[in-house]
Amino acid sequence: MHPDVVKKELRTQIKAALKDLKNAKPLAVQNPIEFVIKIDAPTRADVAMGIPGMKRVDGCTVAYQAKDMDEAYKLIRAIYKYLQW
């Protein structure tokens, strides 16, 4: 989809969601949390493989099973921070 179409749809959906905010419920998350990240280069995925417990999915993709959302979030932030060159 064209970016202008996406922006318009996002605005529409955000306004609708905010109108019904009082009925919103937190997302129920079950532990453990598995996340998969596609990294832009195989060498950066190699670096991510230095994290204990990290699994290689393919040349540029890694996965990790975190004990909870807090651990998953911190690790994702670290990966994004340190794998940007």
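Biologist: In this predicted model, which residue forms a salt bridge with Asp-46?

Modeller: In the predicted model, the closest N and O atoms of this salt bridge are 2.8 Å apart. The pair links distant parts of the chain, with Asp-46 in helix α2 and its partner in strand β2, ten residues apart. The residue that pairs with Asp-46 is Arg-56.

Biologist: Are Asp-46 and Arg-56 buried, partly exposed or exposed?

Modeller: Partly exposed residues lie between the cut-offs of 20% and 50% relative accessible area, so we can place each partner by its value. Asp-46 has a relative accessibility of 45%, while Arg-56 has a relative accessible area of 34%. Both values fall in that range, and therefore Asp-46 and Arg-56 count as partly exposed.

Biologist: How many salt bridges does a search of the whole structure find?

Modeller: As background, side chains of opposite charge can pair when their charged atoms come close. Besides the pair of Asp-46 and Arg-56, the side chains of Arg-44 and Asp-40 meet with a distance of 2.7 Å from N to O, and Asp-70 pairs with Lys-74 at 3.2 Å between the closest N and O atoms. The search of the whole structure gives a total of three.

Biologist: In the salt bridge between Arg-44 and Asp-40, which residue is buried?

Modeller: Buried means under 20% relative accessible area, and exposed means over 50%. Asp-40 has a relative accessible area of 58%, so Asp-40 is exposed. Its partner has a relative accessible area of 13%, and therefore the buried residue is Arg-44.

Biologist: Which helix holds both Asp-70 and Lys-74?

Modeller: These two residues form a salt bridge, and they lie four residues apart, which is about one turn of the helix. Asp-70 is partly exposed at 45%, whereas Lys-74 counts as exposed at 53% relative accessibility. The helix that holds Asp-70 and Lys-74 is α3.

Biologist: Which residues have the most contacts inside the largest nonpolar core?

Modeller: This core has 14 residues, and β1, α2, β3 and α3 each supply at least two of them. One member, Ile-39, touches residues including Ala-45, Ala-48 and Leu-83, not counting residues up to four places away in sequence. Those with the most contacts inside the core are Phe-35, Ile-39, Val-62 and Ile-79.

Biologist: About how much accessible area does the nonpolar patch on the surface have?

Modeller: The patch is formed by Met-1, Val-5, Val-6, Leu-10, Ile-14, Leu-18 and Leu-21. Among them, Val-6 lies in helix α1 and counts as partly exposed at 30% relative accessibility. Leu-18 is also placed in helix α1, and with 54% relative accessibility Leu-18 counts as exposed. Together, the residues of the patch have an accessible area of about 720 Å².

Biologist: Is the peptide bond from Asn-31 to Pro-32 cis or trans?

Modeller: Pro-32 is found in the loop between α1 and β1. The bond that leads into Pro-32 from Asn-31 has an omega near 0°, and this peptide bond is cis.

Biologist: Which element of the chain has the highest mean pLDDT?

Modeller: The protein chain averages a pLDDT of 92, and 99% of the residues score at least 70. Among the elements, helix α3 has the lowest mean, at 92. The highest mean, 97, belongs to residues 55-58, which form strand β2.

Note on methods. Residues are numbered from 1 along each chain as its sequence is written. This is a predicted model: local features need pLDDT of at least 70, side-chain atom pairs count only at pLDDT 80 or more; totals for chains, interfaces and linings use all residues. Side-chain values use heavy atoms; hydrogens and water are left out. pLDDT is the predictor's confidence in each residue, from 0 to 100. Helices (H or I, at least four residues) and strands (E, at least two) are DSSP runs, numbered from the N terminus. A nonpolar core is a set of buried Ala, Val, Leu, Ile, Met, Phe, Trp, Tyr and Cys residues joined through side-chain atoms within 4.5 Å. Buried means under 20% relative accessible area, exposed over 50%, partly exposed in between (1.4 Å probe, protein chains only). Contact means heavy atoms within 4.5 Å. Patches are made of residues with over 30% relative accessible area and no salt bridge: like charges are joined within 9 Å, nonpolar side chains (Val, Leu, Ile, Met, Phe, Trp, Tyr) within 5 Å. Accessible areas come from the Shrake-Rupley method with a 1.4 Å probe; for residues, only the protein chains shown count as cover. A salt bridge is a side-chain nitrogen of Lys or Arg within 4 Å of a carboxyl oxygen of Asp or Glu.
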